Amino acid sequence: MAIGVFDSGVGGLTVHRELTRRFPDRDFVYLADQANAPYGGRGGEEIVELTRAGCERLFEAGANVIVLACNTASAIALRRLQQTWVPEARARHGRPINVLGIIVPTIEAATGLPWTYEAERRGEKIEAIDITGVFCTAATAMSRVYEIEIDKRREDLAVFSEPCPGLAGLIELGAPTEELKVVVEDHVDSLRRRIGRHPDQAILGCTHYEIVADLFAAALPPGTPVIHQPTAVADALARYFERHPEYDLGGSGRRDFLTSGRAGPQSDLVGQFWGAPLTFTPA
């Protein structure tokens with residue numbers, strides 16, 4: 001049995017790497033749906049079906065708990081799958097299984113509040129409002145999940161999402177750093193012009209972007225806090241396993257990397273981020 005990590009491509013490796021650091025003895029299986037990447041420009045129903053198919057493949061590979069290391073899948077597909085598909089899959093596989101997302105822990109980190117908290121609306125004037133900028137895919141931006149869920153918890157935080165179409169695809173293909181730097185700077189400046197100033201904190205709302213987190217940090221004003229999803233997700237998953245000891249997660253330290261796309265070595269950019277060459281096998 002293992003912890004499964006799913007993404008449309010290599011972006012989820014940012015979460016996977018942090019999870020393996022946090023749980024070094026556990027078994028992991030990673031699945032990249034590179035045949036259909038990126039998800040950001042696809043329709044909602046298609047995203048739901050692709051995510052369901054990927055999760056089913058991970059359950060077949062022995063995963064008991066799957067982390068959707070993809071903001072688009074978490075925003076569009078997770079609730080549907082948890083409500084309508086996971087119970088059926090749990091019965092069919094005959095063991096404890098679940099699918100978890102990465103947006104809940106990210107919002108907890110951004111607000112400093114637990115997911116269960118909901119602000120009491122008193123109609124009082126808010127004296128000071130901080131701005132959170134979310135750099136994300138078009139599908140995540142259209143879902144408005146960050147705007148809606150952060151507003152439920154913090155009236156003093158205003159959220160502006162900046163869709164970055166094409167950026168995940170460039171990272172997936174291993175584009176040169178100078179090309180990525182220009183794209184990142186353009187999106188940071190676009191958000192600045194829309195809101196009239198730079199955000200007080202930023203969320204990298206696509207796990208691909210974590211691979212070039214240094215470019216975002218350089219484009220933002222020095223010292224701007226950046227919410228790093230891998231750390232937030234690892235913290236949340238540790239708390240989840242404390243509450244759910246029923247999951248068998250393996251203890252051999254196994255690491256499997258699967259892809260629905262072209263198997264073989266990944267790009268130099270991915271290798272540099274991972275710290276060693278990385279090869280995927282067919283899913």
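**View 1. Helices α5 and α11 packing against each other in the predicted model.** Here α5 (residues 103-111) meets α11 (residues 229-243) at an angle of about 105°, and the two axes sit 8 Å apart. That angle makes α5 roughly perpendicular to α11, since anything from 65 to 115 degrees gets that label.

**View 2. The residues where α5 meets α11.** On the α5 side you'll find P105, T106, E108 and A109. Facing them from α11 are Q229, A232, V233, A236 and R239. Sorted by class, this contact has five nonpolar, two polar and two charged residues.

**View 3. Q229, a buried residue in α11.** Q229 has a relative accessibility of just 1%, so it counts as buried, the cut-off being under 20%. Its side chain makes a polar contact of 2.8 Å with the side chain of N71. Leaving out residues up to four places away in sequence, Q229 also touches I102, T106, Y146, L204, G205, C206, T207 and E210.

**View 4. The largest nonpolar core.** This core holds 52 residues, and the ones touching the most other members are L13, L19, F135, L167, Y209, F216 and L237. Helix α9 (residues 177-195) chips in six residues, the most given to this core. There's also a second, separate core of 26 residues, with I47, L68, A77 and I97 among them.

**View 5. Zooming in on Y209.** Again skipping residues up to four places away in sequence, Y209 touches F135, C136, T137, C164, L167, A168, I171, L204 and F216. Of these, F135, L167 and F216 also appear, along with Y209 itself, in the list of core residues that touch the most other members.

Conventions. Residues numbered from 1 in each chain as written. Predicted model: local features only at pLDDT ≥ 70, side-chain atom pairs only at ≥ 80, totals over all residues. Heavy atoms only, no water. Axes fitted to C-alpha atoms, helices over the stretch in contact; angles between N-to-C directions. Helix = DSSP H or I, 4+ residues; strand = E, 2+ residues; numbered from the N terminus. Parallel < 35°, antiparallel > 145°, perpendicular 65-115°, else oblique. Contact = heavy atoms within 4.5 Å. Nonpolar A, V, L, I, M, F, W, Y, C, P; charged D, E, K, R; others polar. Core = buried A, V, L, I, M, F, W, Y, C linked by side-chain atoms within 4.5 Å. Buried < 20%, exposed > 50% of the residue type's maximum accessible area, 1.4 Å probe, protein only. Polar contact = N/O pair within 3.5 Å; in protein donor to acceptor, adjacent residues only side chain to side chain.
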